[in-house]
Amino acid sequence: MNKVEIQSSEVNMSKEILNQLAPKGFIRAAINLSNFLLVTGKKTNGDPEGVSPDIALALSRELGVDLKLIPFGRPGELADAISDDIWDIGNIAVEPERAKTITFSSPYALIESTFIVRSNLNIKSFNDVDKPDIRIAVAERSAYDLWLTENVTKAKLVRAKSIDESFSVFEENNFEVLAGLRPKLIDELNKTKDCKILEESFTFIKQCIGFKPGNTEVEYFINGFIKKNIENGFVKNSMIQHGVFGKLTVPSQ
């Protein structure tokens with residue numbers, strides 16, 4: 001397997017950008033370990049590896065500073081730490097609730113979200129899911145949970161502490177619907193009976209770089225960095241290297 005080659009973004013970098021993104025002389029990148037598509041394993045030193053850490057490494061090299069990965073077990077915990085001076089960038093999905101306290105870049109990866117439903121139910125679309133007698137198991141504070149919270153008006157959302165636990169809640173309680181990322185739901189479908197995955201997606205999760213708000217120069221720099229590394233093939237090559245291309249989608253530019 002070939003090593004992913006880090007490319008320069010060719011975006012102008014001022015001292016202000018460096019001070020904002022690496023105030024301690026190195027960049028602290030928060031990584032959401034629960035996203036199995038973006039974090040696919042661990043290195044021999046215990047650091048997470050995958051597309052999300054690759055993006056963080058590419059940015060640190062663009063800045064010319066060292067990288068320190070800060071792991072979080074759940075995206076909500078990562079988002080909550082924005083005010084604790086624990087991280088300088090946070091690689092998680094953008095959602096309106098998170099965007100109240102975090103500025104997000106344009107996405108570097110997209111993930112399709114949909115539902116597993118019981119086959120005996122006449123459920124073909126999101127409109128069929130959002131009914132008063134429907135219970136939806138979902139991983140709490142995941143990006144798709146935040147989307148469902150904003151958009152579900154009739155069905156009952158039942159939150160579990162993790163993606164794996166949401167499947168257990170769905171299966172053990174014979175819930176009507178399980179929400180999740182399509183690649184994970186394909187795996188979960190083999191663990192249950194008389195269920196199907198909806199063809200329709202209710203949202204696409206946008207994986208982005210988050211950072212402290214209030215600096216348009218930093219925002220412009222990071223968006224330029226992402227645009228360049230999508231166009232030069234770095235993001236796609238990282239997905240291929242980690243075996244997730246096709247499960248993750250590269251955004252069009």
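**Exercise 1. Determine which elements contribute to the lining of the largest cavity, and describe that lining.**

Solution. Step 1: at least two lining residues of the largest cavity come from each of α6, β10 (177-181) and α7 (182-189). The model examined here is a predicted one.

Step 2: β10 provides the largest share of this lining, four residues.

Step 3: the residues that line the largest cavity are F36, Y144, I163, S166, F167, L178, A179, G180, L181, K184, L185 and E188.

Step 4: sorted by class, the lining comprises eight nonpolar, two polar and two charged residues. Glycine is counted among the polar residues in this scheme.

Step 5: the space in the largest cavity is about 60 Å³, and the structure holds one cavity of 30 Å³ or more.

**Exercise 2. Classify the ring pair formed by F167 and F170, and identify the charged side chains placed over these rings.**

Solution. Step 1: F167 and F170 both belong to helix α6 (residues 163-172), where three residues, about one turn of the helix, separate them.

Step 2: the ring centres of F167 and F170 lie 6.4 Å apart, with 40° between the planes. Pairing requires centres within 6.5 Å, and an angle that is neither under 30 degrees nor over 60 counts as tilted; the F167 and F170 pair is therefore tilted.

Step 3: F167 and F170 are both buried.

Step 4: over the ring of F167 sits the charged end of K191, 5.9 Å from the ring centre. The face of F170 is covered by R118, at 4.0 Å from the ring centre. A charge must be within 6 Å of the ring centre to count as sitting over the ring.

**Exercise 3. State how many aromatic pairs the structure contains, and analyse the pair of W147 and F202.**

Solution. Step 1: the count is five aromatic pairs.

Step 2: the ring centres of W147 and F202 are 5.2 Å apart and the planes meet at 35°, so this pair is tilted.

Step 3: the pair joins distant parts of the chain, 55 residues apart. W147 lies in helix α5 (residues 143-151), whereas F202 lies in the loop between β11 (195-197) and β12 (203-211).

Step 4: F202 has a relative accessible area of 9%, so this residue is buried.

Step 5: W147 and F202 belong to one aromatic cluster together with F115 and F126.

**Exercise 4. Locate R141 and D194, and compare their backbone phi values and accessibility classes.**

Solution. Step 1: R141 is found in the loop between β8 (135-139) and α5. D194 is found in the loop between α7 and β11.

Step 2: phi is positive in R141, near 60°, although R141 is a residue other than glycine. D194, likewise a residue other than glycine, has a positive phi near 55°.

Step 3: exposed residues are those over 50% relative accessible area, and buried residues are those under 20%. R141, at 37%, is therefore partly exposed, whereas D194, at 64%, is exposed.

**Exercise 5. Establish how many disulfides the structure contains, and assign C195 and C208 to an accessibility class.**

Solution. Step 1: a disulfide is a covalent bond that joins the sulfur atoms of two cysteines.

Step 2: a search of the whole structure returns zero disulfides.

Step 3: C195 has a relative accessible area of 13%, so C195 is buried. C208 also counts as buried, with 1% relative accessibility.

How values were computed. Residues numbered from 1 in each chain as written. Predicted model: local features only at pLDDT ≥ 70, side-chain atom pairs only at ≥ 80, totals over all residues. Heavy atoms only, no water. Phe/Tyr/Trp six-rings, centres within 6.5 Å; stacked < 30°, edge-to-face > 60°. Buried < 20%, exposed > 50% of the residue type's maximum accessible area, 1.4 Å probe, protein only. Lys NZ or Arg CZ within 6 Å of the ring centre and 35° of its normal. 1 Å grid on protein atoms, 1.4 Å probe; cavity = no way out; pocket = protein on both sides within 12 Å on 5 of 7 lines; lining within 4 Å. Points joined across faces, edges and corners; volume = space filled by probe spheres on them. Disulfide = S-S within 2.5 Å.
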